[in-house]
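User: Could you walk me through this structure in plain words? I am new to reading these, so please go slowly.

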Amino acid sequence: MTRQVIEYAGIPVGIVIPHNGSLKFIAVKFHVHELDGQLFASPSDVSRAIRKLMLGSGGSIPLAPRDQRESQG
C-alpha cells in the first residue's frame with residue numbers, strides 16, 4: 001500500500017501512508033487536524049479515532065456550497 005484515502009460520512013478527510021511499520025495519518029480537513037501525524041495500526045483504527053473525535057465535536061463536516069462543489073467536479 002502506498003496510501004489510502006480515509007473518509008468520514010462519505011467525505012475524504014485525510015490519507016494514511018506507511019511509516020515504519022505503522023500508518024501515518026495526514027489530515028486534509030481542518031476538522032480532523034488534531035489527528036494529523038498520528039500513527040495507527042490499521043485504517044479501521046484511524047476511522048475509529050476520527051469517529052470519536054467528530055462525535056465529541058458535534059459530528060459533522062460542512063460541505064462547500066452546492067455551486068462551488070459543482071464547479072470543482
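**The salt bridge and the rest of the fold**

Analyst: Let me start with one pair of side chains: Arg-48 forms a salt bridge with Asp-45, and their closest N and O atoms are 2.3 Å apart. Please keep in mind throughout that this is a predicted model.

User: Where do Arg-48 and Asp-45 sit relative to each other in the helix?

Analyst: Both belong to helix H1, and because they are three residues apart there, about one helical turn separates them. In general, side chains of opposite charge can pair when their charged atoms come close.

User: Ok, and is Arg-48 buried or exposed? What about Asp-45?

Analyst: Arg-48 falls in between and counts as partly exposed, because its relative accessibility is 44%. Asp-45 is also partly exposed, with a relative accessible area of 24%, and the cut-off for being buried is under 20%.

User: How many salt bridges does the count come to?

Analyst: The count comes to one salt bridge.

User: Changing topic, what is the secondary structure of the whole chain?

Analyst: The protein chain has two helices and four strands, and if you read along the sequence they follow the pattern β-β-β-β-α-α.

User: In what order do the strands lie in the sheet?

Analyst: The four strands form an open sheet in the order S1-S2-S3-S4, with antiparallel pairing. S1 and S4 are the edge strands, since each of them pairs on one side only.

User: Can we go through the pairs? How many bridges join S1 and S2?

Analyst: Strand S1, residues 4–8, pairs with strand S2, residues 11–19, over five bridges in the antiparallel sense, and within this pair Tyr-8 stands opposite Ile-11. The two strands form a hairpin with two residues between them, and Ala-9 in that turn has a positive phi of about 55 degrees.

User: And how many bridges join S2 and S3?

Analyst: S2 and strand S3, residues 22–27, pair over six bridges, again in the antiparallel sense, and Ile-15 has Ile-26 in S3 as its bridge partner. This hairpin also has two residues between the strands, and here Asn-20 takes a positive phi near 50 degrees.

User: That leaves S3 and S4, so how many bridges there?

Analyst: S3 and S4 pair over two bridges, antiparallel as well, and Leu-23 stands opposite Phe-40 in S4.

User: Which strands does H1 lie across?

Analyst: H1 lies across S1, S2, S3 and S4, and its direction makes an angle of about 30 degrees with S1.

User: Which residues have the most contacts inside the largest nonpolar core?

Analyst: The largest nonpolar core has 15 residues, and those with the most contacts inside it are Ile-6, Phe-25, Val-32, Val-46 and Ile-50. S1, S2, S3 and H1 each supply at least two residues of this core, and H1 gives the most, with five.

User: Let's pick Ile-6, then. What does it touch?

Analyst: Leaving aside residues up to four places away in sequence, Ile-6 touches several others, including Val-13, Ile-15, Phe-25, Val-46 and Ile-50.

User: One last residue: where is Phe-30, and is it buried or exposed?

Analyst: Phe-30 lies in the loop between S3 and strand S4, and it counts as exposed because its relative accessibility is 74%, where exposed means over 50%. Its C-alpha atom is separated by 8.4 Å from that of Val-13, a residue 17 residues apart from it along the chain.

User: And what share of the chain is buried?

Analyst: Buried residues make up 26% of the 73 residues in the protein chain.

Definitions and conventions
Residues numbered from 1 in each chain as written. Predicted model: local features only at pLDDT ≥ 70, side-chain atom pairs only at ≥ 80, totals over all residues. Heavy atoms only, no water. Core = buried A, V, L, I, M, F, W, Y, C linked by side-chain atoms within 4.5 Å. Buried < 20%, exposed > 50% of the residue type's maximum accessible area, 1.4 Å probe, protein only. Contact = heavy atoms within 4.5 Å. Axes fitted to C-alpha atoms, helices over the stretch in contact; angles between N-to-C directions. Salt bridge = Lys/Arg side-chain N within 4 Å of Asp/Glu carboxyl O.
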